[in-house]
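Work through the following exercises with the model open beside you, and try each task before you read its solution.

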Amino acid sequence: MAENLYKSQVQITRQRAAALIPLSLICVLGTLWGASASLAKLAVFDGIQPLGYALWNSAGAGAILLAICAWRGILPRLKVEHIRYYVICGVLGVAIPNLNVVVVVGHIPAGVVAVALSTTPIMTYAIALAWRLERFNAMRASGLLLALIGTLFIILPTASLPTTGAAPWFVMALITPVLYAVTNVLADRLR
């Protein structure tokens, strides 16, 4: 009887631990995502060239993912349609956005760039609406409008930007979430 009770308690403990893995991964990935602009700023100020930083950042991530896929025994397929999918998602969703962040973060604060990056879900909804992949929802559209108003407060010279001339750099920073959003929509459509 005691042995069965011990086994059931061990099983419950394992289930609870397994349930914490997704939450832990979200916290770690959120931290890394938020730190990406600050890390890019450090790299730029240490003299690393934006193209080199973006290249090695993307290549490193790709190598890690490929190693994980190989370890799990699910290597990527190499048919023409798969390669097209990989190239589109890689260029629009990784290479150009990473390069853009590294270039922009040299001209405006990393926190402002991080705020720009956080608009990705909003941009995804706007693009899905524009491409008629989502139905109009007043609550979501209101959130989109509020986010755009908040973004304008950042662009205003007396807000978070150091100088009036930094506003174009913030607009350029918004290219990254737009590309992420386009990639999100295309990834769904091309899958």
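**Exercise 1.** Is Arg 132 buried or exposed?

*Solution.* Begin by noting that this is a predicted model, and then locate the residue, which lies in the loop between helix H5 (120-130) and helix H6 (138-155). The next step is to read the relative accessible area of Arg 132, which is 73%. Since the cut-off for an exposed residue is over 50%, Arg 132 counts as exposed. To complete the picture, look at the backbone, where phi of Arg 132 is near 60 degrees, a positive value in a residue other than glycine.

**Exercise 2.** Find which residues of helix H4 are buried, and explain how they are placed around the helix axis.

*Solution.* First list the buried residues of H4 (residues 110-117), which are Ala 110, Val 112, Val 113, Ala 116 and Leu 117. These residues cover an arc of only 160 degrees around the axis, and therefore they sit on the same side of H4. A general rule helps here: an α-helix has 3.6 residues a turn, so residues three or four places apart point the same way.

**Exercise 3.** Which element gives the largest share of the largest nonpolar core?

*Solution.* Start from the core as a whole, which has 28 residues, and note that Ala 40, Ile 108, Val 112, Val 113, Leu 161 and Phe 170 touch the most other members. Then ask where the members come from: the elements that contribute two or more residues are H1, H3, H4, H5, helix H7 (167-173) and H8. The largest share, 5 residues, belongs to H4. Finally, take Val 113 as an example and set aside its neighbours within four places in sequence; Val 113 is then in contact with Ala 37, Val 101, Val 104, Val 105 and Ile 108.

**Exercise 4.** Describe the lining of the largest pocket, and say how accessible Gly 62 is.

*Solution.* The largest pocket holds about 1600 Å³ of space. Of the 36 residues that line this pocket, the closest to its centre are Ser 58, Ala 61, Gly 62, Leu 65 and Val 94. Two or more lining residues come from each of helix H1 (2-45), helix H2 (50-72), helix H3 (80-104) and helix H8 (175-190). Sorted by class, the lining has 28 nonpolar and 8 polar residues, with no charged residues. Turning to Gly 62, which lies in helix H2, we find a relative accessibility of 35%, so that this residue counts as partly exposed. As a last step, compare positions: Gly 62 and Gly 90 are 28 residues apart in sequence, and their C-alpha atoms are 9.4 Å apart in space.

Definitions and conventions:
Residues numbered from 1 in each chain as written. Predicted model: local features only at pLDDT ≥ 70, side-chain atom pairs only at ≥ 80, totals over all residues. Heavy atoms only, no water. 1 Å grid on protein atoms, 1.4 Å probe; cavity = no way out; pocket = protein on both sides within 12 Å on 5 of 7 lines; lining within 4 Å. Points joined across faces, edges and corners; volume = space filled by probe spheres on them. Helix = DSSP H or I, 4+ residues; strand = E, 2+ residues; numbered from the N terminus. Nonpolar A, V, L, I, M, F, W, Y, C, P; charged D, E, K, R; others polar. Buried < 20%, exposed > 50% of the residue type's maximum accessible area, 1.4 Å probe, protein only. Arc of directions from axis to C-beta. Core = buried A, V, L, I, M, F, W, Y, C linked by side-chain atoms within 4.5 Å. Contact = heavy atoms within 4.5 Å.
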